[in-house]
Amino acid sequence: MCELIGFSAAGPTDIKEQLKVFFSHSESNPHGWGIMYGDRLIRGCERASDSAMLEMLLQNIDEQKTVLGHIRFATVGSIKLENCHPFTGRDITGRQWTLIHNGTIYSGSRLIPYLNNQCGDTDSERLFLFLMDTLNNAQQNGELSQQERCELVDGLIQEMSHKNKLNLMIYDGELLYIHKNMKDTMKFRRLGSGYIFATTALDGDEWTEVPIAQLFVYKDGEQIYSGNKHEGIFIPSLQYIKAMDAMHI
């Protein structure tokens with residue numbers, strides 16, 4: 001399955017080694033990669049370990065306060081740049097949002113309208129477009145507060161988690177939103193003045209499982225919001241497990 005990494009801290013922090021380990025997992029996630037740091041977003045549709053550009057970036061990346069990274073195992077959508085995460089865009093107030101997703105949207109009638117106006121062909125991009133429309137509709141009379149943004153994202157996640165695989169990291173230029181609804185699929189630990197989140201442990205330090213089926217929001221390395229725990233935990237059916245076994249996933 002795809003893998004995610006996220007980082008939020010109060011001050012610039014060296015996370016070179018963790019990023020190198022993360023992107024080395026592209027041997028089993030070969031269908032593209034992407035990274036957001038500072039005001040930059042870079043993606044490639046090749047295996048991350050084959051990218052000379054990414055190798056140079058990981059050797060020279062400065063200390064960072066916020067990072068999102070993704071390596072892709074294609075399940076929905078073809079292998080092309082438009083399908084690589086992160087997805088990013090500005091809402092009607094000018095705030096830039098960035099999203100990475102690990103999972104599959106099986107029950108997604110709310111996303112059907114975006115089939116004809118997305119750049120690629122993934123359910124993850126459609127989810128991002130739905131988020132942007134939801135934000136824009138809620139901000140017709142002015143920009144949402146920090147609390148209101150948390151509550152909006154929390155409500156959208158609770159709506160979309162039912163019957164779907166919805167591990168998400170979202171950054172709105174200020175807040176980092178963290179959510180998982182699959183068991184044993186996201187961990188975190190303290191790093192410097194913040195927290196690093198990843199699909200699997202990236203070093204020998206002690207990592208803790210992110211609580212399942214609940215949104216957590218971080219600002220400058222500190223948790224500032226926890227959503228309502230919901231019932232949308234993804235539990236694979238026997239048919240799903242057999243299909244994954246056949247694909248050696």
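**Figure 1. An open sheet of seven strands.** In this predicted model, seven strands line up in the order 3-2-4-1-10-9-11 to make an open sheet, and their pairing is antiparallel. Strand 3 (40-44) and strand 11 (208-209) stand at the edges with a single partner strand each, so one side of each has no neighbour in the sheet. Try following the order with a finger, beginning at strand 3 and ending at strand 11.

**Figure 2. Strand 1 beside strand 10.** Here we look at one pair from that sheet: strand 1 (residues 3-13) and strand 10 (residues 194-198) are antiparallel partners, joined over five bridges. Which residue stands opposite serine 8 in strand 10? The residue to look for is tyrosine 195. Helix 1 (residues 16-24) packs on the sheet. Helix 1 touches strand 1, strand 2 (33-37), strand 4 (64-71), strand 9 (187-191) and strand 10, and its direction makes about 10° with that of strand 4.

**Figure 3. Helix 2 across two strands.** Helix 2 (residues 52-60) lies across strand 2 and strand 3. Its direction runs at about 35° to strand 2. Strand 3 is also one of the edge strands met in Figure 1.

**Figure 4. Histidine 31 and its surroundings.** Find the loop between helix 1 and strand 2, and you will find histidine 31. Is histidine 31 buried or exposed? With 17% relative accessibility, histidine 31 counts as buried, because the limit for that word is under 20%. A polar atom of the histidine 31 side chain lies 2.8 Å from the backbone nitrogen of alanine 74. Leaving aside residues up to four places away in sequence, histidine 31 touches Cys45, Arg72, Phe73, Ala74, Ile79 and Cys84. Two cysteines are on that list, Cys45 and Cys84, and they are the subject of the next view.

**Figure 5. Two cysteines without a bond.** A disulfide is a covalent bond between the sulfur atoms of two cysteines. How many disulfides does a search of the whole structure find? The search finds zero. Cysteine 45 takes part in none, and the nearest cysteine sulfur, that of cysteine 84, is 5.7 Å away. Seen from cysteine 84, the closest cysteine sulfur is the one in cysteine 45, and 5.7 Å is too far for a bond, because a disulfide needs the two sulfur atoms within 2.5 Å. The surroundings of the two can be described as well: cysteine 45 is partly exposed at 35% relative accessibility, whereas cysteine 84 is buried with a relative accessible area of 0%.

**Figure 6. Asparagine 164 in its loop.** Asparagine 164 sits in the loop between helix 4 (146-161) and strand 7 (167-171). Its relative accessible area is 0%, so asparagine 164 is buried. What does the side chain of asparagine 164 reach at 2.7 Å? It reaches the backbone nitrogen of serine 107. Not counting residues up to four places away in sequence, asparagine 164 touches Thr104, Ile105, Tyr106, Ser107, Asn181 and Phe234.

**Figure 7. Glycine 108 and lysine 163.** Glycine 108 belongs to the loop between strand 6 (96-102) and helix 3 (123-138). With a relative accessible area of 21%, glycine 108 is partly exposed. Lysine 163 is 55 residues away from glycine 108 along the chain, and 9.3 Å separate their C-alpha atoms.

**Figure 8. Strand 12 and its two partners.** Strand 8 (residues 176-179) pairs with strand 12 (residues 216-219) in the antiparallel sense over three bridges. In this pair, isoleucine 178 stands opposite phenylalanine 216 in strand 12. Strand 12 also runs antiparallel to strand 13 (residues 222-226), and four bridges join them. There, valine 217 has tyrosine 225 of strand 13 as its bridge partner. Strand 12 and strand 13 form a hairpin with two residues between the strands, where aspartate 220 takes a positive phi near 50°.

**Figure 9. Stepping back to the whole chain.** The chain holds five helices and 13 strands. Its radius of gyration is 17 Å, close to the 18 Å from the globule rule for 249 residues, so the chain is as compact as a globular protein of that length. The C-alpha trace spans about 45 × 45 × 35 Å along its principal axes. Of the 249 residues, 53% count as buried. Among contacts with a separation of 6 or more, 66% join residues 24 or more positions apart.

Methods. Residues are numbered from 1 along each chain as its sequence is written. This is a predicted model: local features need pLDDT of at least 70, side-chain atom pairs count only at pLDDT 80 or more; totals for chains, interfaces and linings use all residues. Side-chain values use heavy atoms; hydrogens and water are left out. Two strands pair if DSSP finds at least two bridges between them. Contact means heavy atoms within 4.5 Å. Axes are lines fitted to C-alpha atoms, for helices over the stretch in contact, and angles run from 0 to 180 degrees between N-to-C directions. Buried means under 20% relative accessible area, exposed over 50%, partly exposed in between (1.4 Å probe, protein chains only). A polar contact is a pair of N or O atoms within 3.5 Å; within protein, one must be able to donate a hydrogen and the other to accept it, and residues adjacent in sequence count only if both atoms are side-chain atoms. The radius of gyration is taken over C-alpha atoms; the globule rule is 2.2 Å times the number of residues to the power 0.38.
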